[in-house]
Amino acid sequence: MASSSSDAFGGPPLARARDRILRVLEELTALELRRVKAALNQAPVAAGYRTVPRGRMEGADALDLTDLIIGHYGELYGVTVMGEALRSIQRRDLAEWLLRDAPHRPPDDAPDDAASDASPLPAERFVLRHRAALVQGVRAVAPLLDRLQAGGALSAEDAAAVAAGATPQERMRRLLDTAPAWGRSGHGCFLRALRELQPHLMEELGPP
């Protein structure tokens, strides 16, 4: 695509990474959208990040997929991952437009506090360490589901499966079972929600 000061698809430039990712996804055909989902699931990512699980992307439209990408990778690295996925399906025109003049993080520049699977983040360690206390102490699970869905860390299907638990304890167990797929942003969203919704419990458990 030719570089210019205007949006290649018409209208003003899109500065926000989220808006740029959504724009390129909306340009894809149904077949290309399926192919880019496969590319996102198979492509290697930088240390400290996990690929979006295939099951989370099934049935996702352009808006849902944008939220998943941002939720898993953040806006800066999300642009890089999306650009590579577009190149892999031979949509280099969209990849070039996405990356042009947009702030993004190269694959080898993961955040300093990013952790690999062998070294969990503090928020992940907190969830693992306090699983039993969270299961017993959190009674209102629905607000947590709402926060995680809004943050793109939990799919509607997963939320429905969690909500189907017969007791608060069972619902919390099901929710924590989905934690490995939350990613960095999802764990952060979970802890922020707990601090707001369960301040006394969080005070008892201490910092991550």
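A residue counts as partly exposed when its relative accessible area lies between the limit for buried, under 20%, and the limit for exposed, over 50%. Arg 147, with a relative accessible area of 29%, is therefore partly exposed. The structure described here is a predicted model, and this report treats its fold, its salt bridges, its aromatic pair and a charged surface patch in turn.

**Overall architecture**

The protein chain contains 12 helices and zero strands. Read from the N terminus, its elements run α-α-α-α-α-α-α-α-α-α-α-α. The chain has 208 residues, of which 46% count as buried.

**Salt bridges**

Eight salt bridges are found in a search of the whole structure. Among them are the following pairs.

| Pair | Closest N to O distance |
|---|---|
| Arg 18 and Asp 67 | 2.5 Å |
| Arg 147 and Glu 196 | 3.2 Å |
| Glu 170 and Arg 173 | 3.8 Å |

Arg 18 and Asp 67 form a salt bridge in which the closest N and O atoms are 2.5 Å apart. This pair links distant parts of the chain, since Arg 18 belongs to helix H1 and Asp 67 to helix H4 (residues 62-88), 49 residues apart. Arg 18 has a relative accessibility of 25% and so counts as partly exposed. Asp 67 is likewise partly exposed, because its relative accessible area is 25%.

The side chains of Arg 147 and Glu 196 also meet in a salt bridge, at 3.2 Å from N to O. Here too, distant parts of the chain are linked: Arg 147 lies in helix H8 (residues 142-150) and Glu 196 in helix H11 (residues 183-197), with their positions 49 residues apart. Whereas Arg 147 is partly exposed at 29%, Glu 196 counts as exposed because its relative accessibility is 54%.

The salt bridge between Glu 170 and Arg 173, at 3.8 Å from N to O, is set within one helix. Both residues belong to helix H10 (residues 168-177), and because they are three residues apart, about one helical turn separates them. Glu 170 counts as partly exposed, with a relative accessibility of 27%. Arg 173 is partly exposed as well, its relative accessible area being 34%.

In addition to these pairs, a network of salt bridges links Glu 32, Arg 91 and Asp 93.

**The aromatic pair**

Two quantities describe a pair of aromatic rings, namely the distance of the centres and the angle of the planes. One aromatic pair is found in a search of the whole structure. It is formed by Trp 182 and Phe 190, whose ring centres are 4.8 Å apart and whose planes make an angle of 40 degrees. The pair is classed as tilted because this angle is neither under 30 degrees, as for stacked rings, nor over 60, as for edge-to-face rings. Trp 182 has a relative accessible area of 0% and is therefore buried. Phe 190 is also buried, again with a relative accessible area of 0%.

**A negatively charged surface patch**

On the surface, a patch of negative charge is made up of Glu 26, Glu 27, Asp 61, Asp 64 and Glu 157. One of its members, Glu 26, is located in helix H1 (residues 17-27), the helix that also holds Arg 18. Glu 26 counts as exposed because its relative accessibility is 53%, a value over the 50% limit for that class.

Technical notes:
Residues numbered from 1 in each chain as written. Predicted model: local features only at pLDDT ≥ 70, side-chain atom pairs only at ≥ 80, totals over all residues. Heavy atoms only, no water. Patch = residues over 30% accessible without salt bridge, like charges linked within 9 Å, V, L, I, M, F, W, Y side chains within 5 Å. Areas by Shrake-Rupley, 256 points an atom, 1.4 Å probe, with all protein chains shown as cover. Salt bridge = Lys/Arg side-chain N within 4 Å of Asp/Glu carboxyl O. Lys, Arg positive; Asp, Glu negative; His and termini not counted. Charge placed at Lys NZ, Arg CZ, Asp CG, Glu CD. Helix = DSSP H or I, 4+ residues; strand = E, 2+ residues; numbered from the N terminus. Buried < 20%, exposed > 50% of the residue type's maximum accessible area, 1.4 Å probe, protein only. Phe/Tyr/Trp six-rings, centres within 6.5 Å; stacked < 30°, edge-to-face > 60°.
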